[in-house]
Amino acid sequence: MAKSTPPTAQSGATMTHYRWVVVALLFAIVVINYIDRAAISYAIDPIAKELSLTSSQKGLVLGAFGVGYMFTTFIGGVLTDRFGPRIILTVAVILWAVSSALTAVGSSFFLLLALRAFLGLSEGPMFPGLTGAVAHWLPPKERARALGYSLAAVPLALAIGGPVVSGILSLTDWRTLYWILGGASLVWFPLWYWMFRNRPEDSAHVNQAELAHIRQEQVEDIDDGRGTGNVVPARSDNATGTTWKRLFTNRTLLTNYWAFFVFGYFLFFFMTWLPGFLEQKFSVPVASAGWFSFVPWAVAGVVLLVLGNLSDRMLEKTHSLRIARSWFIIVTQLIAAVVILPAAFTSTLWVALALITVSLAASMGANAVYYAVNVDIAPDRSATALGLMNFFFAISGFAAPVITGWVVGNSGSFTRAFFILAALAGSSVVLTFLFHRPDRDAIDHPYPDAR
């Protein structure tokens, strides 16, 4: 038997790059997804005026999304690992298009709560499906980069969505806004269903060279006596190494879940209450809040892209998941914790926006890393692990708006809400430093000698 040789070396074929088309499709749906879910932060004041909602009721409406989301994000992960992301994301997009359109008929506080919870139920499988697609389509050294590209759509959607949504509201009412959002969501799913397959082996657009690159497998040259140079992939002994017990007890995964909860708390705080904060403290009208929100979200998107790429480069250079993953979380969350407090006390709009921009960018900077850790630690059940992590994220999606609404309603200011943000980020730093050890806990380490 001859020495192992990659197929690309034998065939000399030019590698296709269809995996990045898949990443582009994921990027597009995340943009649509986050414009949909964030529109409420600009529509909530017109809705509150029409339906006579209090600050606490506004917080409950903003947080109802998280209640629905926490149920289906976990189930969506299990279903994605069972049936694949193709059908799961197709069904999810159709359902959330319907739920967005139905929001336009909300005529009472309780009906609006139910419709927002329905939107959360519909969107829950989105990110488990995304993670499942990346796990199947990208090799270890490209996962954080691909996730960074896909997840950069979150701040981009919030950056462009603010001006777009507030602009639509300046021209029409909030009910028409939701009819428009529902229709826009239906554009994506036919492209996805036609262009995507659950595994690259099943796609006509992927050649053997790209497939070998994606799998990063050792192959053996089979000498059949005719010099054909046929190759077969070596099988991994760790193909099914993740148990339910491991998903619920592994210290790195548990720490990752908590850190992602903190990330979610920051995200939902600014996504739902930043316009209200700017209006209350600096008298910025809702129609203009979208433009003032543009810079913080745009900078966060750039930082997320840069750090996603840097994480993979550090992994390739150091062969250490602790350096390439854990320390990215520690440093970014420490910056977020330190910088957010002064924003609560400044009386200058541009200083507040600068501090919020730095803190938000730092908080979001490790987003791709959180996702990559699930694939690093549980590659065979990455969507289920992501579903569990996203369950904690969903709790933050309820907690951040509701707690903030209660705090602001009782104190009349956002100061205590900013203290909560700083304390949560600090806890993330401490726990990640102590317990986040992906090199020790990874089933299928991309660099086994680095353990």
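A residue counts as buried under 20% relative accessible area, as exposed over 50%, and as partly exposed in between. That scale is a handy companion for the predicted model described here, beginning with a residue that falls in its middle band. His 319 has a relative accessibility of 34% and is therefore partly exposed. This residue sits in the loop between α14 and α15, and its phi is near 60 degrees, a positive value in a residue other than glycine. A second case of this kind is Ser 283, with a positive phi of about 55 degrees although it is not a glycine. Ser 283 belongs to the loop between α13 (251-282) and α14 (286-318). Its relative accessibility is 61%, so Ser 283 counts as exposed.

With these two loops in view, the chain as a whole can be introduced. Its secondary structure comes to 20 helices and two strands. Of the 451 residues in the protein chain, 56% are buried. Among contacts between residues at least 6 apart in sequence, 84% join residues at least 24 apart.

Confidence in the prediction deserves a word before the details. The chain averages a pLDDT of 83, and 88% of the residues score at least 70. Among the elements, helix α19 (residues 415-435) has the highest mean pLDDT, 96, while strand β1 (residues 219-222) has the lowest, 34. Over residues 1-12 the pLDDT is below 50, and this stretch has 20 contacts in the model beyond near neighbours in sequence. The pLDDT is also below 50 over residues 217-240, a stretch with 38 contacts beyond near neighbours in sequence.

Returning to His 319, the chain continues into helix α15. Ser 320 caps the N-terminal end of α15, with a side-chain oxygen 3.4 Å from the backbone nitrogen of Arg 322. Helix α15 covers residues 321-343, and because its 23 residues should span 33 Å at 1.5 Å a residue, the 33 Å between its end C-alpha atoms agrees with expectation. Along the way, α15 bends by about 30 degrees at Trp 327.

Helix α16 (residues 349-365) can be described in similar terms. Its 17 residues reach 24 Å from the first C-alpha to the last, close to the 24 Å expected at 1.5 Å a residue. The helix is mostly covered, with twelve of its 17 residues buried. Among them are Leu 349, Leu 353, Ile 356, Leu 360 and Met 364, along with the smaller run from Ser 359 to Gly 365.

Two of these α16 residues also meet Phe 270. Leaving aside neighbours within four places in sequence, Phe 270 is in contact with Ile 356 and Leu 360, and with Pro 275, Trp 297, Ile 340 and Leu 421 as well. The largest nonpolar core has 132 residues, and Phe 270 is among those with the most contacts inside it, together with Tyr 34, Phe 127 and Trp 297. In soluble globular proteins, nonpolar side chains tend to be buried together.

Helix α3 (residues 55-83) offers a view of pairings between distant parts of the sequence, and Leu 60 is found in this helix. With 31% relative accessibility, Leu 60 counts as partly exposed. Its C-alpha atom is separated by 9.1 Å from that of Ile 403, 343 residues apart along the chain. Beyond neighbours within four places in sequence, Leu 60 is in contact with Phe 109, Leu 113, Phe 398 and Val 402.

Gly 76 lies in helix α3 too. At 1% relative accessibility, Gly 76 counts as buried. The C-alpha atoms of Gly 76 and Leu 386 are separated by 9.4 Å, with their positions 310 residues apart along the chain. Neighbours within four places in sequence aside, Gly 76 is in contact with Pro 125 and Pro 128.

The tour ends in helix α4 (residues 85-103), where Thr 90 has its place. Thr 90 has a relative accessible area of 7% and is therefore buried. A polar atom of its side chain lies 2.7 Å from the backbone oxygen of Arg 86. Not counting residues up to four places away in sequence, Thr 90 touches Phe 189, Trp 192 and Tyr 193.

Note on methods. Residues numbered from 1 in each chain as written. Predicted model: local features only at pLDDT ≥ 70, side-chain atom pairs only at ≥ 80, totals over all residues. Heavy atoms only, no water. Helix = DSSP H or I, 4+ residues; strand = E, 2+ residues; numbered from the N terminus. Expected span 1.5 Å × (residues − 1). Buried < 20%, exposed > 50% of the residue type's maximum accessible area, 1.4 Å probe, protein only. Bend = angle between axes of the 7 residues up to and from the residue. Polar contact = N/O pair within 3.5 Å; in protein donor to acceptor, adjacent residues only side chain to side chain. Core = buried A, V, L, I, M, F, W, Y, C linked by side-chain atoms within 4.5 Å. Contact = heavy atoms within 4.5 Å. pLDDT = per-residue confidence, 0-100.
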